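Me: I would like to go through this model step by step, with the reasoning laid out before each answer. Could we start from the term that the later answers lean on?

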Amino acid sequence: MDLGEGIRKALAKLTRSTIIDAKTIKEFNKELQKTLLSSDVDVQLVLKFTNDIEERALKSKPPEGVAPTDYITNIVYDELVKLMGSTYTPKLQRQKILLMGLYGAGKTTTAAKLAKFYQDRGLSAALICCDVSRPAAYEQLETLSRQANVSFFGIKGEKDPVKIAKKGLEEFKNKQVVICDTSGRSALDGALVEELKNVANAFKPDEKILVVGADIGQISGKQAKEFDNAVKISGVIVTRMDGSGKGGGALSAANATTAHVMFIGTGEKMNNLEPYDSEKFIGGLLGLPDIASLVSNVQNAIKEANIKPEEMEMEELNFDSFYNQLKAMGKMGPLKNVFGMMGAPDVPKDMVEKGEEKLQRYKVIIGSMTKEERKNGKLLHDHNRVSRIAKGSGRSEKEVHELVSDFNKMKKMFDSLKNDRNFKKKFAKFM
Ligand SMILES: Nc1nc2c(ncn2[C@@H]2O[C@H](COP(=O)(O)OP(=O)(O)OP(=O)(O)O)[C@@H](O)[C@H]2O)c(=O)[nH]1
Ligand SMILES: [Mg+2]
């Protein structure tokens, strides 16, 4: 069972439970632990991950309108994103990149993919073969550079990688992205450190990137630390994410070090390389697009619950909104109850009675107002306007005054409740 399947199954089981309490969370966490450990995620990281979930799930409450199971799914998503590290945004600029890593990690393939990645985004890219130990390293990179359609430099038979690096740089003075492939080893030994330092001195890379295969799982963390101590690295590329059940282990372990995951390799083809996007990765594990909309719904609810009343927009009351509100309330039954429900019991009495009949009358009167008048009630202090509106609507001036007076009462009530967040919430829902 792969990581995604394991997490999805555990979540599905959790969302089927009728109550969510300490016991269900503990059981859920046990299943998460099992599946993460089988993906070779480090035990300490797994324990921290499930502790954090437990803590958050039991100590915080879902915001209003969010189902407990959706809330917990959101917590799991959040914590997974944290566990699996942050998203990397590639810099689309002039740069020199030195790739390094142990035997078979995917350095040479990744070098070509990376060159293509930048070239596809408008930067001229070139490859240098500084691997002087693997037989046919030169031919391999040359072939790949043709597939990727990028420039290539190497010196067949040359045993000094420093010389190649210098010549290569000379050759590619005008290229914007120059990528250097280096020799692998079965382990990071003194000789490799020495060689990498020398090449780095000559090549002067902006980025020194460690390449690891996903199949080494949590060992990626140990490797990242060792390489970082020896030659300082700017990040990690994890290859073969497509073919290994240990990808979760490799990503989480690399991210637990000071290094971060920059790209992931997802296949053997030249375009199978992506900047690492933890949200996308976790979304894929949990099943997009369901998770995306769930997460955004829950996050919106949380955001809304955290908004301060003074930041909550409440439309200014004008004749347009006044009419719409009267209409909506009419549909809801006795106006008094509606306002009572919203925590505003002091509705003008006669506004409540004769509701429907009044509504019809108001509709015609408001229909005779100009746009400006509807937006700005103060204009109705002008007697000429009142008289014009009365004539236009076939109603008496008294009736127009009545409308204005009802409007003013409602506006007053509105203003007094403006900073009451509960009222606002209920009101927004109600409208
Ligand atoms: N499926 C898959 N295979 C990959 C990926 N990246 C690399 N490979 C394969 O992994 C194998 C080793 O890749 P190389 O690029 O030769 O690795 P290397 O680190 O240069 O190896 P040495 O130079 O021998 O140390 C090759 O068969 C690649 O095709 C990937 O993202 N997905
Ligand atoms: Mg190689």
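Reply: A residue is called buried if 20 or more other C-beta atoms lie within 10 Å of its own, and exposed if 12 or fewer do. The model is a predicted one.

Me: What share of the residues in the chain is buried?
Reply: The secondary structure of the chain comes to 20 helices and 8 strands, and of contacts between residues at least 6 apart in sequence, 74% join residues at least 24 apart. Of the 431 residues in the chain, the buried share is 39%.

Me: What distance separates the end C-alpha atoms of helix H9, and what span should its residues give?
Reply: Helix H9 runs over residues 219-231, and at 1.5 Å a residue its 13 residues should span 18 Å, the expected span being 1.5 Å times one less than the number of residues. The end C-alpha atoms agree with that expectation, since their separation is also 18 Å.

Me: Which residues of H9 are buried, and what arc do they cover around the axis?
Reply: The buried residues of H9 are Ser 220, Gly 221, Gln 223, Ala 224, Phe 227 and Val 231. They lie on the same side of H9, because the arc that they cover around the axis is only 165°.

Me: Which elements are included in what covers the buried residues of H9?
Reply: Two elements of this cover are also linked to each other, as E5 and E6 pair in the parallel sense over 5 bridges, with Val 211 having Ile 237 in E6 as its bridge partner. E6 is itself mostly covered, 4 of its 5 residues being buried. The cover over the buried residues of H9 includes strand E1 (95-100), helix H8 (190-203), strand E5 (207-213), strand E6 (235-239) and helix H10 (247-256).

Me: Is Asp 40 buried or exposed, and what is the status of Lys 204?
Reply: Most residues other than glycine have a negative phi. Asp 40, in the loop between helix H2 (22-38) and helix H3 (43-59), has a positive phi near 70°, while Lys 204, in the loop between H8 and E5, has a positive phi near 50°. Lys 232, just after H9, likewise takes a positive phi, of about 65°. With 23 other C-beta atoms within 10 Å, Asp 40 is buried, whereas Lys 204, with 11 such neighbours inside 10 Å, counts as exposed.

Me: Which residues does Ala 112 touch, not counting those up to four places away in sequence?
Reply: Ala 112 is found in helix H5 and counts as buried, because it has 27 C-beta neighbours inside 10 Å, where 20 or more are required. Its C-alpha atom is separated by 8.7 Å from that of Ala 126, 14 residues apart along the chain. Outside the excluded neighbours, Ala 112 touches Leu 127, Leu 141, Leu 144, Ser 145, Gln 147, Ala 148 and Met 270.

Me: Which helix gives the largest share of the shell around ligand 1?
Reply: Ligand 1 is surrounded by 20 residues, the closest of which are Gly 106, Thr 108, Thr 109, Gly 184 and Gly 265. By type, the shell divides into 2 nonpolar, 12 polar and 6 charged residues. The largest share of the shell, 3 residues, comes from helix H5 (residues 107-120).

Key: Residues are numbered from 1 along each chain as its sequence is written. Chains are lettered from A and ligands numbered from 1 in the order in which they are written. This is a predicted model: local features need pLDDT of at least 70, side-chain atom pairs count only at pLDDT 80 or more; totals for chains, interfaces and linings use all residues. The arc is that of the directions from the helix axis to the C-beta atoms. Two residues are in contact if their C-beta atoms, placed from the backbone, lie within 7 Å. A residue is near a molecule or strand if its C-beta atom, placed from the backbone, lies within 6 Å of it. Ala, Val, Leu, Ile, Met, Phe, Trp, Tyr, Cys and Pro count as nonpolar, Asp, Glu, Lys and Arg as charged, and the others, Gly among them, as polar. Two strands pair if DSSP finds at least two bridges between them.
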